[in-house]
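Student: I'm new to this structure and would like a close look at a single part of it. Could you take me through the salt bridges, slowly and in plain words?

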Amino acid sequence: MENKKRRKRHPWIHRLPAIAFALLLAAILLYGNTRMIASHNREEEANTAVLVGVIREKLPELSDVEIIQYLQDTGDREAFRKRGAELLERYGYDADYFSHSGDQLLWRLIIFNLSILGAAGVGCIVYYILHKRRVRREVLEIQNYFRELNQGSYDLKMEQMVESDMSLLQSDIFKVTQLLKTSAEDSKAKSEALSRSLADISHQLKTPIASIRIDLDNLMDDPDMPPDLRKNFLRECSIQLEWISSLVQTLLKLARIDAGTVEMRNEDMDLRAVACESREKLGILSEISGVDIVWEDEPRGTLIDEKDVPSALMTGDASWQLEAISNIIKNCLEHSTAGSKVYLSLRDTTVFKELTIRDEGEGIPEADLPHIFERFYRAENAKKESVGIGLSLASSIVEAGGGKIMVNSERGKGTSFVIRYLT
């Protein structure tokens with residue numbers, strides 16, 4: 001069913017057909033009455049002419065002027081009426097003999113008007129019956145539509161109704177149906193995504209849990225295990241538990257963002273200070289991986305000291321943006337080789353604040369680029385321990401804070417992440 005935008009109609013527009021019908025009926029009655037009265041007047045004029053002709057024929061001694069004078073000079077009308085009535089009665093005529101034409105006109109007018117009004121009444125009754133049938137049919141169609149809608153069928157079509165309140169209702173029903181259809185599709189998509197996410201989480205947890213169980217079984221089965229070996233097993237359990245804890249914390253953060261329970265503060269913050277804090281936070285991982293995190297000037301190529309990086313003041317939630325930036329820098333560290341560097345650069349304009357994070361790693365395959373921010377997506381060159389939610393969390397946080405992440409990568413030359421916040 002085509003959904004056309006309708007303009008709001010004023011209430012009096014619904015009465016236009018009735019008004020037009022009433023005006024047409026009044027015009028017909030006025031025209032018919034006028035024609036009948038005009039015809040009667042012409043008959044009266046003809047009777048007068050006949051009377052003058054008879055007088056002229058029967059009384060030749062009267063001149064034309066005298067006849068006209070007699071017709072115009074009525075004198076004492078009451079006296080003439082009495083003598084005329086006596087004369088008519090003497091010869092057996094009614095005194096109202098010559099007024100019958102007026103009675104006939106009245107009856108003709110009454111019959112004509114009643115006929116027109118009767119025909120109009122019958123037409124209204126027929127129209128009312130047909131209208132009620134049409135409305136009833138449309139109501140039944142809408143009821144059937146809702147019945148199938150309740151059964152989860154959204155791809156339904158209703159016959160286009162004539163311009164009326166029902167057609168407006170039909171248009172609104174169509175809009176609601178589209179909203180329900182979209183909501184159902186979104187709900188289905190979210191349900192499928194949740195199922196995939198749960199399957200991915202279950203798969204990710206299987207390996208560390210299995211490893212912990214094996215280590216614990218070994219510890220329980222060998223109470224006389226050498227201290228060094230026992231320490232190694234315990235250290236491995238601790239690493240696996242730490243990995244699980246990190247995964248759970250990240251998932252909880254994503255769940256809070258999805259549920260809309262995270263309230264991003266809108267406070268003054270320095271993007272430079274947040275990036276510096278993130279650099280310091282990942283200092284140990286940087287040392288372990290042998291990859292330095294350095295600042296470079298814009299355009300890239302010139303290394304600068306951290307204290308020489310200018311401030312970039314903006315509004316946002318510093319703690320959450322620290323989480324996002326740290327995840328991206330950590331991703332760059334994990335995909336860089338020892339001896340290389342991860343570069344940070346800051347760009348401050350009147351329109352936006354921009355932080356660029358680039359590495360000299362292996363790069364991201366072109367086929368994986370559109371999917372790297374999807375949850376649990378593991379690229380072709382992902383590490384074995386990678387879960388695939390760090391970049392997804394970073395993207396969700398930045399977008400929730402009104403920013404956007406863009407990525408460029410070239411195999412063998414590295415990857416560049418650009419975080420841009422509009423100001």
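Tutor: Sure, and let's agree on the term before anything else: a salt bridge here is a side-chain nitrogen of Lys or Arg within 4 Å of a carboxyl oxygen of Asp or Glu. Keep in mind that this is a predicted model. By that rule, the count comes to 10 salt bridges.

Let's begin with E306 and R279, whose side chains meet in a salt bridge at 2.7 Å, N to O. This pair links distant parts of the chain, 27 residues apart. E306 lies in the loop between β3 (303-304) and β4 (313-316), while R279 belongs to helix α7 (residues 271-281). How open are the two partners? E306 has 27% relative accessibility, and R279 has 28%. Buried means under 20% and exposed means over 50%, so values in between count as partly exposed. That's why E306 is called partly exposed, and R279 is partly exposed too.

Next, have a look at E323 and K253. Their closest N and O atoms are 2.9 Å apart, and they form a salt bridge. Here the link runs from helix to helix: E323 sits in α9 (residues 318-334) and K253 in α6 (residues 227-259), with their positions 70 residues apart in the chain. E323 is buried, at a relative accessible area of 15%, whereas K253 is partly exposed at 22%.

Now go over to the strands. E354 and R420 form a salt bridge, with 2.5 Å between the closest N and O atoms. E354 is in strand β6 (residues 352-359) and R420 is in strand β8 (residues 414-422), so this pair also links distant parts of the chain, 66 residues apart. E354 is buried, with a relative accessible area of just 6%, but R420 is partly exposed at 28%.

Strand β6 is worth a short detour, as its residue range, 352-359, takes in I357. Of the 45 residues in the largest nonpolar core, L271 and I357 touch the most other members. Helix α9 gives this core its largest share, eight residues. Setting aside neighbours within four places in sequence, I357 is in contact with residues including I325, I328, I329, F417 and I419.

Back to the salt bridges, where one group goes beyond a pair: R265, E267 and D317 are linked in a network. Zoom in on D317, which is placed in the loop between β4 and α9. D317 is buried, with a relative accessible area of 2%. Its side chain also reaches the backbone nitrogen of R265, at 3.0 Å. Leaving out residues up to four places away in sequence, D317 touches E263, M264, R265 and M269.

To finish, zoom out to the whole protein chain, which has 10 helices and eight strands. Buried residues make up 30% of its 423 residues. Those links between distant parts fit into a wider count: among contacts with a separation of 6 or more, 69% are between residues 24 or more positions apart. The accessible surface of the chain comes to about 28,300 Å², and 56% of that belongs to carbon and sulfur atoms.

Methods. Residues are numbered from 1 along each chain as its sequence is written. This is a predicted model: local features need pLDDT of at least 70, side-chain atom pairs count only at pLDDT 80 or more; totals for chains, interfaces and linings use all residues. Side-chain values use heavy atoms; hydrogens and water are left out. Helices (H or I, at least four residues) and strands (E, at least two) are DSSP runs, numbered from the N terminus. Buried means under 20% relative accessible area, exposed over 50%, partly exposed in between (1.4 Å probe, protein chains only). A polar contact is a pair of N or O atoms within 3.5 Å; within protein, one must be able to donate a hydrogen and the other to accept it, and residues adjacent in sequence count only if both atoms are side-chain atoms. Contact means heavy atoms within 4.5 Å. A nonpolar core is a set of buried Ala, Val, Leu, Ile, Met, Phe, Trp, Tyr and Cys residues joined through side-chain atoms within 4.5 Å. Accessible areas come from the Shrake-Rupley method with a 1.4 Å probe; for residues, only the protein chains shown count as cover.
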